[in-house]
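Colleague: I'd like to learn how to read a model like this one, feature by feature. Can you walk me through it?

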Amino acid sequence: RGHTRCMHKVHACIGPAHPVTKGGNMLSSTMTAWVPRVAQALGPWMRANAQGSVYAMQHRWIKTSCQSSIEEKPPTKELHGHPTFGEVDFEEDLGVGAIYPKEQGLAAKDKSLVQLYTAGCNHYWQMLPGLADSAYKRGASPAEVSTTVRHLVVFAGYAPCLAATIALKQAGKLSDDVPGKVGGPPGDAFELVYDKVTDVVRGKLTKWDPVLAEYIRLHLYGDVYSSPGLTMRQKQMLTVSFLGEANMHDQLYTHLIAALRFGATPAACEQAIRIGFHMSPRPAVVLRPIRKSAMRALAKAVEKFTHDYPNGPAPEPEVAIPDPASVRVPPPPPPSGKGTPPKK
């Protein structure tokens, strides 16, 4: 039993057990470990032994000498349906090489929500129920989990958000009665996020595409970002986890400053960014320069925030919603009459 790249522990071993330590090697040719798959989309388990090791095990904790070898199915049904798969503590090795103190990082609940969001962005549908369970066990409310999933609309898009919702609904992990902002005058999340540069950002968006600018302001910010369920700080943690890995570092810089203004610590911002990289499906050789750039953006944002806000963050704001009745669970739509068989 030992650590993998993105998991807290190996679930099962076939053959004699061997201790695995940091920097050690899997020397026994008889040892096979079935490892829950994180950064692969083709199946939930990977096989690793001394002849064929998994890429995920060639990380900081376990070193092996062989190339990648992946099998999609474990040898027994019991192992494939291991009751703790998806319910394990999805701990990244976030302390190694960290810029800021890990102790000042994300709370356990917020870390689980960021992992749930990142899994949805990466289309890891099989992981979502277990990650939702992990979030609930760490104190997340049904509103926080549902709002995290709905927030996928902002970056992942409607189709992945719907796929994530279906996966979690079918697993019984989402509540039916969590309200959100639907229609009506927009909330002021856009102004809260961009603060002093609101007019500059809106002007640039309008210059690039005025129609898209209004989609973003009125719907993504006015409805989705303005919905209750998560605090503005929590929403910024989801946002920066995506933007870092997506190599959108101009936007990352702006949202990091907002996160710091809303009370996030630099360490929490760093952990959110690192979760995005740890759960990425892209190879490390591609991610390495992107991660360095993301950390430079974080350092610049912290420097800017410290200069502009020497007294630290103000109390975290709440979104102002002009029409409280727009926060609701919409009723089922009336029949359209289309596709209805004609009456005899």
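Modeller: Happy to. Let's begin with one residue: arginine 288 sits in helix α13, which spans residues 284–308. Bear in mind throughout that this is a predicted model.

Colleague: Is arginine 288 buried, partly exposed or exposed?

Modeller: Partly exposed, because its relative accessibility is 41%. Buried would mean under 20%, and exposed over 50%. Arginine 288 also has company: together with Arg291, Lys292 and Arg296, it makes up a patch of positive charge on the surface.

Colleague: And which residues form a nonpolar patch on the surface?

Modeller: Val211, Leu212 and Tyr215, with about 310 Å² of accessible area together. Leucine 212 belongs to helix α9, residues 210–225. With a relative accessible area of 43%, leucine 212 is partly exposed.

Colleague: Let's step back. How many helices and strands does the protein chain have?

Modeller: The chain has 13 helices and seven strands. It runs to 344 residues, and 47% of them count as buried. The accessible surface is about 17,000 Å², with 58% of that belonging to carbon and sulfur atoms.

Colleague: What do the contacts say about residues far apart in sequence?

Modeller: Take the contacts between residues at least 6 apart in sequence: 70% of these join residues at least 24 apart.

Colleague: Now helix by helix. Is α3 mostly covered or mostly open?

Modeller: Mostly covered. Helix α3 covers residues 128–137, and eight of its ten residues are buried. Among them are Leu128, Leu131, Asp133 and Ala135.

Colleague: What do the buried residues of α3 pack against?

Modeller: Three other helices: α2 (108–121), α4 (142–150) and α6 (158–170). Just past the end of α3, look at the backbone too, where glycine 139 has a positive phi of about 105 degrees.

Colleague: What about tyrosine 136 in α3?

Modeller: Tyrosine 136 is partly exposed, because its relative accessibility is 25%. Leaving out residues up to four places away in sequence, tyrosine 136 touches Ser141, Pro142, Val145, Lys173 and Leu174. For a C-alpha view, set tyrosine 136 beside leucine 113: they are 23 residues apart in sequence and 9.4 Å apart in space.

Colleague: Can you give me another pair to read that way?

Modeller: Try glycine 203 and alanine 213, which are ten residues apart along the chain, with 8.8 Å between their C-alpha atoms. Glycine 203 is in helix α8, residues 198–208. At a relative accessible area of 40%, glycine 203 is partly exposed.

Colleague: On to charges. What's the general idea behind a salt bridge?

Modeller: Side chains of opposite charge can pair when their charged atoms come close. The cut-off used here is a Lys or Arg side-chain nitrogen within 4 Å of an Asp or Glu carboxyl oxygen. By that test, the whole structure has eleven salt bridges.

Colleague: Which residue does arginine 261 form a salt bridge with?

Modeller: Aspartate 195, and their closest N and O atoms are 3.9 Å apart. Arginine 261 is in helix α11 (residues 249–261) and aspartate 195 is in the loop between α7 (189–194) and α8, so the pair ties together parts 66 residues apart in sequence.

Colleague: Are those two partners buried or partly exposed?

Modeller: One of each. Arginine 261 is buried, with a relative accessible area of 12%, whereas aspartate 195 is partly exposed at 33%.

Colleague: How does a pair within one helix look?

Modeller: Go back to α9. Arginine 217 and glutamate 214 both lie there, three residues apart, about one turn of the helix. Their side chains form a salt bridge at 3.0 Å, N to O. Arginine 217 counts as buried because its relative accessibility is 15%, while glutamate 214 is partly exposed at 28%.

Colleague: And what about glutamate 270 and arginine 274?

Modeller: They form a salt bridge too, with the closest N and O atoms 3.8 Å apart. About one helical turn separates these residues, because they are four residues apart in helix α12 (residues 266–278). Glutamate 270 and arginine 274 are both buried.

Colleague: Which residues are joined into one network by salt bridges that share partners?

Modeller: Arg202, Glu214 and Arg217.

Note on methods: Residues numbered from 1 in each chain as written. Predicted model: local features only at pLDDT ≥ 70, side-chain atom pairs only at ≥ 80, totals over all residues. Heavy atoms only, no water. Patch = residues over 30% accessible without salt bridge, like charges linked within 9 Å, V, L, I, M, F, W, Y side chains within 5 Å. Areas by Shrake-Rupley, 256 points an atom, 1.4 Å probe, with all protein chains shown as cover. Lys, Arg positive; Asp, Glu negative; His and termini not counted. Charge placed at Lys NZ, Arg CZ, Asp CG, Glu CD. Helix = DSSP H or I, 4+ residues; strand = E, 2+ residues; numbered from the N terminus. Buried < 20%, exposed > 50% of the residue type's maximum accessible area, 1.4 Å probe, protein only. Contact = heavy atoms within 4.5 Å.
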